[in-house]
Structures are given as C-alpha cells and as structure tokens.
Amino acid sequence: MGDGTEFDDALLGLRGFRVLAVTEDGDELLVGIETIRRAAGCPSCGVIARTKDRLRVIVRDPPAFNHRVRLVWSKRRFSCPDSDCPQQTWTERSEELPDRRVLSARAGRECTRAVGQEARSVASLARWLGVSWATVMAAVRDYGIPLVEDPGRVEEVTSLGIDETAFLRANDEHPTMYVTGLVDLERRMLRARGAPRRPRNDRVSRAAGDRERCDG
Ligand SMILES: [Zn+2]
C-alpha cells in the first residue's frame, strides 16, 4: 500500500520507530517497522556497534483503519567490533514491543484498561485483536497485577461495590466459575479481583451478578 513516510510514522505513533512498508494480508494489515536509531554503543565497552543481521519479529498491535494489525519488526542484531570484548552480539530491545510477547505493550495495556474500566470480556478482546483467550488473559495479568498491587490505588475510593459475575462458562470439567471483584462505583473501575472459583452453593449461583453497595 505504501512505503514509509513521515505521515506513516505519525500514524504508527510508536516513539522511536518508523514505518518501512504497509501491505494487506487478507483482512489484516502488515506494518513493517524498524527503530529510527542508527548508531548503538556496545553495552559492555561502549564502542560503536556493527549491525550483524536482522531478525523478523511479529507482534500484534491494536486494530487500525478497520483492520487487525500485525507489526513486523525488522529487529537489528548487533556485534561488537572489538574481538576482545566479552559482549559479542546482542539484539535491540523496546519496552513497547517486549521480548517474547505476542502483544505490543499498548495492546496489552488497552486490554487491561478495557477489562478493568469497561468490564469487557477477555474473549471479546481476543476476537478484537485476533489472538487467543490465553494471550489476552496473560496480558491482563501482566499489566493489571502491578495496578492492583499499587498501594495508592484505593486512597480516594469513596464508594466501593462488591460485584460477583460469571467468569467461565460451565463445561464437562467444571460448573460455571465465578469471580468476585471490588468496584470503585464512582469511577466505574474494577479495583481488585479474586481468583476464579466454583459457586459456594445454589443460593450464590442465583445471586450472581447482584451487586451490594456499601457507601463509606
Ligand atoms: Zn564491546
């Protein structure tokens, strides 16, 4: 569809990266990207590194222009020109495209926000991105747990609700599983969530979804 331009880079919105090419693959967009940085120092001795070769790393990003998006990162592998240096080779890294993750950091953060603030289901977000349920759940854990464990997060809560909802549909292995969440009623945000569990008894099953409010 096009070669990289400054306009493409602005649309990409990924600081430190530029667009190499955008192509259509079925109903998805493949966006080829690379880092803008050209010179890198050896992390051990500081000598300017050589680009040894490139790796092709594919990462899922949030949909754009009504298409699912895969970023194809042409990732540089560097070598140190000093043969005595203990650091022979290394690859560049980005916090926005973390190593060994299916999702970009912004896709993971958006899933976490949508689950916590909008009570979107993990399954619907998996469909939105075109990835597995387990991939989205792992991202929600990775990005959500530090938020839940932040001691400052409950300081300003003035109205806390307890919300019990069905979490996993019943199957041959287990009955419908439930989770209990603590909800900031004013901001409509999930503040904490318990582990999935079986219904305690039938009364709990019937009461699922009911909300009890404790203003304070
Ligand atoms: Zn070196």
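Start by selecting Gly108, Arg109, Cys111, Thr112, Val115 and Gly116 in helix H2, then add Val136, Ala139, Val140, Asp142, Tyr143 and Gly144 in helix H4: these are the residues where H2 and H4 meet. Sorted by type, the residues of this contact come out as 6 nonpolar, 4 polar and 2 charged. Keep in mind as you click around that this is a predicted model.

**Stop 1: two crossing helices**

Now show the whole of H2, residues 105–118, and the whole of H4, residues 133–149. How far apart are the axes of H2 and H4, and at what angle do the helices pack? The axes are 8 Å apart, and the angle is about 85°. Angles from 65 to 115 degrees count as roughly perpendicular, so H2 is roughly perpendicular to H4. Try turning the view until you can see both helices crossing.

Zoom in on Ala139 in H4, one of the residues that meet H2. Leave out its neighbours within four places in sequence, and Ala139 is in contact with Leu103, Gly108, Cys111 and Thr112. Remember Leu103, since we'll come back to it.

**Stop 2: zoom out**

Show the whole protein chain as a cartoon. You should be able to pick out 5 helices and 10 strands. The chain has 216 residues, and 19% of them count as buried. Now think about contacts between residues with a separation of 6 or more: 47% of them join residues 24 or more positions apart.

**Stop 3: the nonpolar core**

In soluble globular proteins, nonpolar side chains tend to be buried together. To look at that here, select Val31, Ile33, Leu71, Cys111, Val136, Ala139 and Val140. These touch the most other members of the largest nonpolar core, which has 23 residues. Cys111, Val136, Ala139 and Val140 should look familiar, as they were in your opening selection too.

Which elements give two or more residues to this core? Colour them in: strand E2 (17–25), strand E3 (28–35), strand E5 (67–79), H2, helix H3 (122–129) and H4. The largest share comes from H4, with 4 residues. Next, colour domain 1 (1–95) and domain 2 (101–149) separately; the core draws at least three residues from each.

**Stop 4: the loop leading to H2**

Go to the loop between strand E6 (89–91) and H2, where you'll find Leu103. Is Leu103 buried or exposed? Being buried takes 20 or more other C-beta atoms within 10 Å, and Leu103 has 24 such neighbours, so it counts as buried. Not counting residues up to four places away in sequence, Leu103 touches Val59, Arg60, Gly108, Val131, Thr135 and Ala139. Try the distance tool on Leu103 and Thr135: they are 32 residues apart along the chain, but their C-alpha atoms are separated by 7.8 Å.

Stay in this loop and select Glu96. Glu96 is partly exposed, with 16 other C-beta atoms within 10 Å. Setting aside neighbours within four places in sequence, Glu96 is in contact with Leu14, Ser104, Ala105 and Arg106. Glu96 and Ala107 are 11 residues apart along the chain, with 9.5 Å between their C-alpha atoms.

**Stop 5: two positive phi values**

Most residues other than glycine have a negative phi. Arg100, in the loop between E6 and H2, has a positive phi of about 55° although it is not a glycine. Arg100 is exposed, with 5 other C-beta atoms within 10 Å.

Then follow H2 to the loop that comes between H2 and H3, and select Ala119. Its phi is also positive, near 55°, and Ala119 is not a glycine either. Ala119 is partly exposed, with 14 other C-beta atoms within 10 Å.

**Stop 6: strand E7**

Finish at strand E7, residues 159–168, and select Ile162. Ile162 counts as partly exposed, with 13 C-beta neighbours inside 10 Å. Add Thr180 to the selection: Ile162 and Thr180 are 18 residues apart in sequence and 6.9 Å apart in space, C-alpha to C-alpha.

Thr165 sits in E7 as well, and with 15 C-beta neighbours inside 10 Å it counts as partly exposed. For your last distance, pick Thr165 and Pro196, which are 31 residues apart in sequence and 9.9 Å apart from C-alpha to C-alpha.

Notes: Residues numbered from 1 in each chain as written. Predicted model: local features only at pLDDT ≥ 70, side-chain atom pairs only at ≥ 80, totals over all residues. Axes fitted to C-alpha atoms, helices over the stretch in contact; angles between N-to-C directions. Parallel < 35°, antiparallel > 145°, perpendicular 65-115°, else oblique. Contact = placed C-beta atoms within 7 Å. Nonpolar A, V, L, I, M, F, W, Y, C, P; charged D, E, K, R; others polar. Buried ≥ 20, exposed ≤ 12 C-beta atoms within 10 Å, placed from the backbone. Core = buried A, V, L, I, M, F, W, Y, C linked by C-beta atoms within 7 Å. Domains from an automatic or database assignment.
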